[in-house]
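This report walks a new reader through a few local features of one protein chain. Please keep the sequence and the structure in view while reading.

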Amino acid sequence: MEAAAPFCSRDRVAVAVSGGPDSTALLLLLRGWTVTTGRSLIALTVNHDLRTDAAKEAEQVANWCKKIGIEHQILRWTGKKPETGLQAAARKARYRLMEHWCRENGVGDLCVGHTQNDQVETFLFRMSRGSGPDGLAAMPLVAFHGDIRIVRPLLTITRSRINATLDEAAQPSIEDPMNADRRYARTVIRHQVERLQKLGVSLSDVAVAARLFGEVRTKNETATSDLYRRIVVLHSAGYADIDATEWRDANAEVASRLIAALIQKIGGGDYFPRRERLERIVNALERDTDLTRTLGGCKISARGEVIRVQREHRAIRAKVSVAPGGFAIWDGRFELEFSKNVQPRKNMMEVRALGEQGWQVLVTTPSVRERIDRYRNIPVSALYALPAVWGGEMIAEVPHLSYSIDETIENIVSSVGIRRRPPLESPPFWVA
């Protein structure tokens, strides 16, 4: 735990507990750590509602927590479940629910029970999918999901030691039958790891390989972040300008990574763009001072001494519902907090892109026409890509433009900001 310091709070941390061996052992270990350090611990269990025993198992975890004096909350994944990609969807839902709870309750650190076995499985899975060096770094000790830190204290600990810890404490655990279901790629990889061990390949050797890739990734991300701070201007409206001369003079690999990271950030994607397409754009930017290309939901343009990365507004499909007092990430780009005092009649509203038609409506509004000079320095396509609160076909609010259809009420969106993304603003890859 000390390797993951400093923590967001000196008095409270959360732990994800499914009831499986790994998370249950982590629960016991964290209980001792929090007692020693004067902190309190809250355990979070997500009922995915995918099996008939799910609710009963969540209650079992609650009983174990009660027995050892740990506060516990059950969070439920409701709604229709996807027919394909179920494991990935369940994982996203699990993190979304737990992070939302942490955010609502002022907890900044969420500990999860990934072990060295999980690290090895992640490394082999990504290698089988042709991942590059960054992907082969596998999982970091600490990852940043907005303002919540995901901490993996057991990432260097084998599952055999986890089981020994549970045996020593006479603590039972729950085995999820989905972990044995060979329809899932992760399960197949797990069985391959067991075969490799029988052939004499140790987990620690594979984990060392992941660590070496992690150290390279850390170095590259640090250099990329340094270059970003030096030559990029990030505008609050969600686009970035790069000093083209400085960029062309920079180390080629770091310069390429900077473009990739900006495309991910401005485009709101989960991953860097594919290397082949990225290389074509980077090569063009190195040669040409007047061009426009598209990649990853972004328009990348070079005009003289400025390279601009901005969102393709026509590619935006994101919608999020307005939830009083809630938090949302819209289009992968903007973090929104909604006022707790949003009126009931506004609860059916949603955040969508302003769009070209929305902007045309806005400029006919007297209050906007009076302030139009304030917006002339924002590229038109960036204006179209801004988040707006819609009620049906009516624009209720555009936070970036200080526009509200009803000037007398409290803002629907209490705060909006560009989402911080590694490796640009967050600390670099945190090797376990």
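In this predicted model, A138 counts as buried because its relative accessibility is 4%, and the cut-off for buried is under 20%. A138 sits in the loop between α5 (133-136) and β5 (142-145), and its phi is near 65 degrees, a positive value in a residue other than glycine. Most residues other than glycine have a negative phi, and most peptide bonds are trans. A170 also has a positive phi although it is not a glycine, in this case of about 55 degrees, and its place is the loop between α6 (159-169) and α7 (185-198). Is A170 buried or exposed? With a relative accessibility of 67%, A170 counts as exposed, because the cut-off for that class is over 50%.

Glycines with a positive phi are found in this model as well, and the table sets three of them beside their places.

| Glycine | Phi | Place |
|---|---|---|
| G106 | near 70 degrees | follows α3 |
| G268 | near 75 degrees | follows α10 |
| G304 | near 65 degrees | hairpin of β10 and β11 |

**Helices**

Helix α3 covers residues 86-104, and its 19 residues should span 27 Å at 1.5 Å a residue, which agrees with the 27 Å between its end C-alpha atoms. Which residues of α3 are buried? Among them are L86, A90, A93, Y95 and M98, and the buried set also includes E99, W101, C102 and R103. An α-helix has 3.6 residues a turn, so residues three or four places apart point the same way.

Helix α10, which runs over residues 252-267, has 16 residues and reaches 22 Å from its first C-alpha to its last, close to the 22 Å expected at 1.5 Å a residue. This helix is mostly covered, with 14 of its 16 residues buried. The N-terminal end of α10 is capped by N251, which places a side-chain oxygen 3.0 Å from the backbone nitrogen of E253, while G268 follows the helix.

The axes of helix α1 (residues 21-37) and α6 come within 9 Å of one another and cross at roughly 60 degrees. That angle makes α1 oblique to α6, and the crossing of the two helices is left-handed.

**Strands**

Strand β11 (residues 306-311) runs antiparallel to strand β8 (residues 239-243), and four bridges join the two. Strand β10 (residues 298-303) also pairs with β11 in the antiparallel sense, over six bridges. Which residue of β11 is the bridge partner of I242? The partner of I242 is I307, and I307 is likewise the bridge partner of A302. Between β10 and β11 the hairpin has two residues, and in this hairpin G304 takes its positive phi. In a regular strand the side chains alternate between the two faces of the sheet.

**Cis peptide bonds**

Two cis peptide bonds end this account. A5 and P6 are joined by a cis peptide bond with an omega of about 0 degrees, and P6 is found in the segment before β1 (12-16). P422 and P423 are also joined by a cis peptide bond, here with an omega of about 5 degrees, and P423 has its place in the segment after β19 (413-418).

Conventions. Residues are numbered from 1 along each chain as its sequence is written. This is a predicted model: local features need pLDDT of at least 70, side-chain atom pairs count only at pLDDT 80 or more; totals for chains, interfaces and linings use all residues. Side-chain values use heavy atoms; hydrogens and water are left out. Two strands pair if DSSP finds at least two bridges between them. The expected span of a helix is 1.5 Å times one less than its number of residues. Buried means under 20% relative accessible area, exposed over 50%, partly exposed in between (1.4 Å probe, protein chains only). A polar contact is a pair of N or O atoms within 3.5 Å; within protein, one must be able to donate a hydrogen and the other to accept it, and residues adjacent in sequence count only if both atoms are side-chain atoms. Axes are lines fitted to C-alpha atoms, for helices over the stretch in contact, and angles run from 0 to 180 degrees between N-to-C directions. Angles under 35 degrees count as roughly parallel, over 145 as roughly antiparallel, 65 to 115 as roughly perpendicular and the rest as oblique. A crossing is left-handed if the near helix is turned anticlockwise from the far one by less than a right angle, and right-handed if clockwise.
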